[in-house]
Amino acid sequence: MSNPAQLKAEADALIARGKALIATDLPQATDLLNQAVKLYWAAGEYYSAAAQTGNYGWALRRMGRPDLARPYLARAAEIFTDLGLTDFAERHQAAADDIAADLTPEFLAGLPPMVRRAIEQQDGAALQFAINALPPDEQQMVIDRLAAIGLISLADDDDTVGQAVQQFEPLLQAIAAVARGDERERPDVEQALNDLERKGWRIRKAVHQIWQGERRRQRLTYGLDEIDTALVNRILDILAEAQPT
């Protein structure tokens, strides 16, 4: 039987194949996504399941297919809610609900011709080319308008990691406080860590090692995904900041 790391690697490979096919073979890309999500669930990688489901929705919006994107964005919002990532959940649900606007004829008419044609032709590559060809001031205006309706996403992977760390900052501060010898919040922290473990996060073992005095980043983050690694590194940064110079 495959272990969680192998399952995640298989899922990541399917996602990569799907990204390469989405513009030319949408049914196949969708099938690859569905296969990958099942593997993420089997591996306990619930964040990856949410993120890749959401990414597929955003990709469909960039292709000018918000109608197809909505169920993926809504499903991602559900998983993010279960994980306690409310900011991510709200962002994906807002896009699914089209609370800002939609691709109405009036909206399209207000876009530069090359941008409008790319959206109408559902050509993501042409849309990116058309945006890049605009003068800087007009380019920013178009990007802002398309982002407002969820047709394009302004967040990259670094933004996602940063938002996750920010959202968990109070817990990370409490973990660091326990590591410094303040045991008052330890029961609440232990409960929070157990809850996160059930939801697919993998930082509890590293936290216990930190409490036991371990500070080597490579050892603490070995085998963790990008988000969990960032959370552990933030705990170590908090502890380092508190050390006297």
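A salt bridge here is a side-chain nitrogen of Lys or Arg within 4 Å of a carboxyl oxygen of Asp or Glu. Keep that rule at hand for the tour.

**Before you start**

The model is predicted, with local features needing pLDDT of at least 70 and side-chain atom pairs counting only at pLDDT 80 or more, while totals for chains, interfaces and linings use all residues. Residues are numbered from 1 along each chain as its sequence is written, and side-chain values use heavy atoms, with hydrogens and water left out.

**The whole chain**

Show the cartoon: the chain has 15 helices and zero strands. Both are DSSP runs numbered from the N terminus, helices being H or I over at least four residues and strands E over at least two. Colour by accessibility next, and 44% of the 245 residues count as buried. Buried means under 20% relative accessible area, exposed over 50%, and partly exposed in between, using a 1.4 Å probe and protein chains only.

**Stop 1: Arg234 and its partners**

Select Arg234 and Glu241, whose salt bridge has its closest N and O atoms 3.3 Å apart. Which of the two ends is buried and which exposed? Arg234 counts as buried at 19% relative accessibility, whereas Glu241 is exposed at 57%. Now add Glu169 to the selection: salt bridges with shared partners join Glu169, Arg234 and Glu241 into one network.

**Stop 2: two other salt bridges**

The rule gives a count of ten salt bridges. One to pick is Asp182 with Arg184, where the closest N and O atoms are 2.7 Å apart. Asp182 is partly exposed, at 22% relative accessible area, and Arg184 is exposed, at 72%. Then go to Arg219 and Glu214, whose side chains meet in a salt bridge of 3.8 Å from N to O. Glu214 counts as buried here, with 16% relative accessibility.

**Stop 3: helix H13 and helix H12**

Select residues 204–211, which make up helix H13, and show the side chains of Ala206, Val207, Ile210 and Trp211, which are buried. Why do these four sit on the same side of H13? They cover an arc of only 140° around the axis, taken from the directions from the helix axis to the C-beta atoms. Past the end of H13 you reach Gly213, whose phi is positive, near 110°.

Add helix H12, residues 186–198, which packs with H13 at an angle of about 150°, the axes being 10 Å apart. These axes are lines fitted to C-alpha atoms, for helices over the stretch in contact, with angles running from 0 to 180 degrees between N-to-C directions. The two helices are therefore roughly antiparallel, a label for angles over 145 degrees.

To see the interface, select Arg186, Val189, Glu190, Leu193, Asn194 and Glu197 in H12, which meet Arg204, Val207, His208 and Trp211 in H13. Contact means heavy atoms within 4.5 Å.

**Stop 4: helices H2 and H3**

Move to Gln52 in helix H3 (residues 46–62), a buried residue with a relative accessible area of 16%. Leaving aside neighbours within four places in sequence, Gln52 is in contact with Ile15, Lys19, Leu33 and Tyr40.

Finish at Val37 in helix H2 (residues 26–43), which is buried at 14%. What does Val37 touch, leaving aside its neighbours within four places in sequence? Val37 is in contact with Ala49 and Thr53. For a last distance label, join the C-alpha atoms of Val37 and Asp12: they are 9.5 Å apart in space and 25 residues apart in sequence.

Terms used:
Parallel < 35°, antiparallel > 145°, perpendicular 65-115°, else oblique.
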